[in-house]
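Hello,

Here is the structure I promised to pass on to you. Please open it alongside this email, and my notes follow underneath.

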Amino acid sequence: MLNEYARKPLAGKKVLITAGGTVERLDPVRYLTNDSSGKMGFALAAAARDFGAEVTVVAAKTTAKAPDGVSLVRVESADQMLQAVLSRFEGSDLVIKSAAVADYRPAMRAESKIKKSGDRIMLELVKTTDILQTLGEKKTSQYLIGFAAETGDLDRYAMDKLQRKRADLLVANDVSEEGAGFNADTNIIRVYDSGGLVEALPIMSKLDAARRVLLIASERMAQMEA
Ligand code: CTP
Ligand code: CA
């Protein structure tokens, strides 16, 4: 691993990474979000930087500290993340969608704080745009990596997402497994391509897992260029 590290396998590459959990506002003080810490996205950013890449991270809500030496773009909602990613997509060589993006957002965003009223109120949600799928449809030469946090039939869900979203690689983890959760410092990942499972990694730090994923991606990107 140290030798690979010194080789800087992503030298000269522009890498765009999304991290954290999106925030979908209901009113000025309330929002819907999820438990993503941003740790995996930031680990990928640090690893890509160490591999020699020029790294941009589009981050929604995170609790982890962003790595030094990467350019950080802060967003809140899925829609803002979509815009931030789309405007940077063309100039990117590798795009990694590790953010936990809300699938639904409130249909209405109140300008002022919603006042308490009856015993029961309805919250209407509308679907957000799938950012990864949008990129999958638009991609030209960009290498695209998606993530999937699942509980249950990992292989089936992962392959379904890889195909549906036209990702080149899909990194899946079972969040119900100890050591693979949202806020953990470790992860247990399985990496897939269009042919199926590429690698099933044991439990390791998110930084080591990130290095493994980037190594697989950099080898494949080099093959595509050759
Ligand atoms: N994703 C995205 N935009 C969305 C939802 C998801 O870009 N609006 C991306 C995630 O960043 C991740 C991949 O799609 O890279 C898989 O996300 P996941 O939530 O596992 O998949 P969904 O298609 O939303 O399916 P479900 O939540 O029903 O499992
Ligand atoms: Ca989802």
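Below is what I found, going from the cores to the ligands and then to a few single residues.

First, a caution: this is a predicted model.

**The nonpolar cores**

The largest nonpolar core has 38 residues, and Leu10, Leu44, Leu94, Ile96, Ile145 and Leu214 touch the most other members. Two or more residues each come from β1 (14-19), α2 (39-50), β4 (54-59), β6, β9, β10 (169-174), β12 (189-193) and α6 (206-225). Helix α6 gives the largest share, eight residues. If you want one residue to centre your view on, try Leu94: leaving out residues up to four places away in sequence, Leu94 touches Leu10, Lys14, Val15, Leu16, Tyr143, Ile145, Leu214 and Met221. There is also a second, separate core of 16 residues, which includes Val73, Met81, Leu82 and Val95. As background, nonpolar side chains in soluble globular proteins tend to be buried together.

**Helix α4**

Next, have a look at α4, which spans residues 131-138 and has Ile131, Leu132, Thr134, Leu135 and Gly136 as its buried residues. These buried residues pack against α3 (78-89), β6 (94-97) and β9 (143-150). At the start of the helix, a side-chain oxygen of Asp130 comes to within 3.2 Å of the backbone nitrogen of Leu132.

**Ligand 1**

Two residues of α4 turn up again here. Which residues come nearest to ligand 1? There are 16 residues around ligand 1, and the nearest are Lys97, Leu132, Phe147, Lys161 and Lys165. Three polar contacts are worth displaying:

- An oxygen atom of ligand 1 is 2.7 Å from a backbone N or O atom of Lys97.
- A polar backbone atom of Ile131 is 2.9 Å from a nitrogen atom of ligand 1.
- An N or O atom in the side chain of Lys161 is 2.7 Å from an oxygen atom of ligand 1.

On its own, ligand 1 has 570 Å² of accessible area, and the protein covers 77% of this.

**The calcium ion**

Ligand 2 is a calcium ion, coordinated by Asp103 (OD) and Asp103 (OD) at 2.4 to 2.5 Å. Asp103 is in the loop between β6 and β7 (104-106).

**Two buried strand residues**

Thr18 belongs to strand β1. Is Thr18 buried or exposed? With a relative accessibility of 1%, Thr18 falls under the 20% limit and therefore counts as buried. Setting aside neighbours within four places in sequence, Thr18 is in contact with Gly41, Val58, Met81, Val85, Ile96, Lys97, Ser98 and Ala99.

Gly146 is in strand β9, and Gly146 is buried because its relative accessible area is 0%. Again setting aside neighbours within four places in sequence, Gly146 is in contact with Lys97, Leu132, Ala167, Leu169, Leu170 and Val171. Lys97 and Leu132 will be familiar from the list of residues that come nearest to ligand 1. Gly146 and Ile121 are 25 residues apart in sequence and 36 Å apart in space, C-alpha to C-alpha.

**A partly exposed leucine**

Leu72 is part of strand β5 (residues 71-74). The relative accessibility of Leu72 is 37%, so this leucine counts as partly exposed. Not counting residues up to four places away in sequence, Leu72 touches Phe42, Val57, Ala59 and Ala66. From C-alpha to C-alpha, Leu72 and Val191 are 26 Å apart in space, with their positions 119 residues apart in sequence.

**Two positive phi angles**

Lastly, some backbone angles to look over. Lys8 is not a glycine, yet its phi is positive, near 50°. Lys8 lies in the loop between α1 (2-6) and β1, and Lys8 counts as partly exposed because its relative accessibility is 42%.

Arg166 also has a positive phi without being a glycine, in this case about 55°. Arg166 lies in the loop between α5 (154-164) and β10. With a relative accessible area of 47%, Arg166 is partly exposed.

I hope you enjoy looking through it.

Best wishes

Notes: Residues are numbered from 1 along each chain as its sequence is written. Chains are lettered from A and ligands numbered from 1 in the order in which they are written. This is a predicted model: local features need pLDDT of at least 70, side-chain atom pairs count only at pLDDT 80 or more; totals for chains, interfaces and linings use all residues. Side-chain values use heavy atoms; hydrogens and water are left out. Buried means under 20% relative accessible area, exposed over 50%, partly exposed in between (1.4 Å probe, protein chains only). Helices (H or I, at least four residues) and strands (E, at least two) are DSSP runs, numbered from the N terminus. Contact means heavy atoms within 4.5 Å. A polar contact is a pair of N or O atoms within 3.5 Å; within protein, one must be able to donate a hydrogen and the other to accept it, and residues adjacent in sequence count only if both atoms are side-chain atoms. Donors are N, O and S atoms within 2.8 Å of the metal (3.2 Å for Na, K and Ca); water is not among the atoms, so sites may look incomplete. A residue is near a molecule or strand if one of its heavy atoms lies within 4 Å of it. Accessible areas come from the Shrake-Rupley method with a 1.4 Å probe; for residues, only the protein chains shown count as cover. A nonpolar core is a set of buried Ala, Val, Leu, Ile, Met, Phe, Trp, Tyr and Cys residues joined through side-chain atoms within 4.5 Å.
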